[in-house]
Amino acid sequence: MEILPDDIWLEIFTFLPQKDLLRTALVCRTWNRLSRDSSLWSCLDLEPFAKSLTDHVISRLINTMFAPLGKHLSLNKNLVTTTILQGLFERCCRLESLSLNDCRFHSAGPWYELRLDQVETLTFLDLRNSSGFASGVEDILRQAYNLKYLGLHCCISPRLLVRIFITKHNLRIVDCTQCDWLTDDSIQTIAENSPFLESICVAKCRNVQGRTLPTLLEICPRLKTLILEGTQIQDEYVRRVDWVETNITELNVLSCYRLSFAGLSEVLPKLKRLRYLKCALTDEILRMIVDGFPLLEVFFLHRRYPVTVQCVSDLLFHCPSVTCLDISSIPLAFVYFESFLPCMPRLRLLSFAESRPEFYVCIRKKDGSFFKVSSLKVIRAAVYRFLKSAPNNKPGSIISDPQFKQANDALDAFTNRSDEKEKSDNKRADRNVI
């Protein structure tokens with residue numbers, strides 16, 4: 001080990017994952033010293049150890065290993081105190097991303113206001129799903145003016161929201177999922193101060209009605225992703241938008257119950273460049289967009305009312321680029337899959353109606369006739385091999401898997417009926433011979 005110089009060992013250690021790098025510290029004193037070099041810990045993820053780490057241990061790891069060259073830090077699901085945040089920004093002058101998703105904040109110790117040079121390199125800040133309060137969080141939000149990604153949580157007050165977004169001129173992505181304080185006025189503030197905005201998510205923000213949606217799409221020409229799931233968006237505001245002139249390629253309007261199908265019909269036919277779509281449709285809208293979306297890659301198709309499966313099949317026939325398809329809320333018979341699956345050569349993930357008792361036995365031949373029991377068992381074996389192979393790598397057997405219980409029970413019942421029918425036919429044939 002003493003033959004190679006330290007810089008060679010450090011270069012080798014850069015290829016090790018985080019857990020293996022920790023194990024090298026147990027080999028010898030030299031490796032223990034080298035494994036603590038801050039150049040190896042520019043990315044530190046402490047989420048896997050969230051249940052065992054205390055705030056003192058986190059502070060020590062940041063001070064002895066992550067600082068001063070650390071750039072990317074994840075403290076997801078950990079207890080984060082004021083002391084941790086203060087020490088982090090005092091010692092890590094190159095910090096670029098800080099993930100505090102699902103954290104518990106606690107104000108322990110005094111907080112000294114940050115200088116602008118301490119947060120000028122920070123471009124990524126994720127506070128989604130976090131809880132509690134720490135005075136340093138608000139200061140970080142105000143001072144970090146170079147942020148490009150910002151994920152907020154529901155504890156942010158309306159006044160602070162305005163103060164935050166007024167200085168964020170470089171924002172590209174904003175995620176305010178379940179942020180109850182977010183309103184239409186907040187969205188207008190974001191639009192007016194973030195001209196480079198590319199993605200905004202206001203899913204489940206119950207106070208968003210879409211009043212400033214036209215302003216957002218007009219001022220932010222680079223906006224491509226619009227996530228409105230679970231909001232109170234209304235038809236009158238949707239109709240004011242010139243959707244043809246927008247660059248929207250990703251749209252989610254699922255569970256927007258105040259958005260009628262008439263309002264939705266004003267949107268979808270005009271967005272031919274969609275690559276991601278998640279919404280609930282009716283037969284009327286399905287017929288309007290029957291030409292499909294040639295560039296669509298991810299499609300979550302839901303229904304609010306019963307739809308004609310033929311309309312769904314006709315639409316999917318014209319979506320050749322789909323790689324991920326979710327039609328689990330629509331009970332399509334397998335005979336319809338033959339009409340559109342051959343037209344989706346790139347399909348990698350398919351989710352259809354779950355817990356169907358006729359999973360195997362509803363499969364038909366091309367002429368519509370039933371398969372034999374032996375053929376159905378071969379199909380089940382093929383499904384098993386597919387799930388066992390990469391990248392699925394599903395452990396266990398689908399015969400004993402609870403998720404396939406109904407399907408297996410139905411196949412067993414079908415087998416028993418076939419056996420009984422075969423025995424009955426044999427007896428009848430014997431009688432005719434006698």
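In this briefing Ala, Val, Leu, Ile, Met, Phe, Trp, Tyr, Cys and Pro count as nonpolar, whereas Asp, Glu, Lys and Arg count as charged and the others, Gly among them, as polar. By these classes, the lining of the second largest cavity has nine nonpolar residues, with no polar and no charged ones. The structure is a predicted model. It holds 13 salt bridges, and four cavities of 30 Å³ or more are counted. The points below take the cavities, the second largest pocket and selected salt bridges in turn.

**Cavities**

- The largest cavity encloses about 60 Å³ of space.
- Its lining is formed by Ile187, Ile200, Val202, Val208, Gly210, Thr212, Leu213, Leu216, Leu226, Leu228 and Ile233.
- By class, the lining of the largest cavity divides into nine nonpolar and two polar residues, with no charged residue.
- The second largest cavity has a volume of about 50 Å³.
- The residues that line the second largest cavity are Leu228, Ile233, Val238, Trp243, Leu251, Val253, Leu259, Leu264 and Val267.
- Leu228 and Ile233 appear in the lining of the largest cavity and also in that of the second largest cavity.

**Second largest pocket**

- The second largest pocket holds about 230 Å³ of space.
- Two or more lining residues come from each of the helices α2 (18–24), α3 (29–35) and α4 (55–66).
- Helix α4 provides the largest share of this lining, with five residues.
- Leu21, Leu22, Ala25, Leu26, Asn32, Ser35, Arg36, Val57, Arg60, Leu61, Thr64 and Met65 make up the lining of the second largest pocket.
- Seven of these lining residues are nonpolar, three are polar and two are charged.
- Arg36 and Arg60 belong to the lining, and Arg is classed as charged.

**Salt bridges between distant parts of the chain**

- Lys77 pairs with Glu47 in a salt bridge whose closest N and O atoms are 3.8 Å apart.
- This pair links distant parts of the chain, 30 residues apart: Lys77 lies in the loop between β2 (72–74) and β3 (79–81), and Glu47 in the loop between β1 (43–45) and α4.
- Lys77 counts as partly exposed because its relative accessibility is 42%, a value between the limits of 20% and 50%.
- Glu47 is likewise partly exposed, with a relative accessible area of 28%.
- Lys278 forms a salt bridge with Glu229, in which the closest N and O atoms are 3.9 Å apart.
- The partners of this second pair are 49 residues apart and also link distant parts of the chain, with Lys278 in strand β13 (residues 276–281) and Glu229 in the loop between β11 (225–227) and α11 (235–238).
- Lys278 has a relative accessible area of 17% and is therefore buried, since the cut-off for that class is under 20%.
- Glu229 is buried as well, with a relative accessible area of 17%.

**A further pair and a network**

- Glu236 and Arg240 meet through their side chains in a salt bridge, at 3.7 Å from N to O.
- Glu236 is partly exposed, at 39% relative accessibility, whereas Arg240 counts as exposed because its relative accessibility is 52%.
- Asp126, Arg128 and Asp175 are joined into one network by salt bridges that share partners.

Note on methods. Residues are numbered from 1 along each chain as its sequence is written. This is a predicted model: local features need pLDDT of at least 70, side-chain atom pairs count only at pLDDT 80 or more; totals for chains, interfaces and linings use all residues. Side-chain values use heavy atoms; hydrogens and water are left out. On a 1 Å grid over the protein atoms alone, a cavity is a set of points where a 1.4 Å probe fits but cannot get out, and a pocket is an open set with protein on both sides within 12 Å along at least five of seven lines; lining residues have an atom within 4 Å of a point. Grid points are joined across faces, edges and corners, and a volume is the space filled by probe spheres set on the points. Helices (H or I, at least four residues) and strands (E, at least two) are DSSP runs, numbered from the N terminus. A salt bridge is a side-chain nitrogen of Lys or Arg within 4 Å of a carboxyl oxygen of Asp or Glu. Buried means under 20% relative accessible area, exposed over 50%, partly exposed in between (1.4 Å probe, protein chains only).
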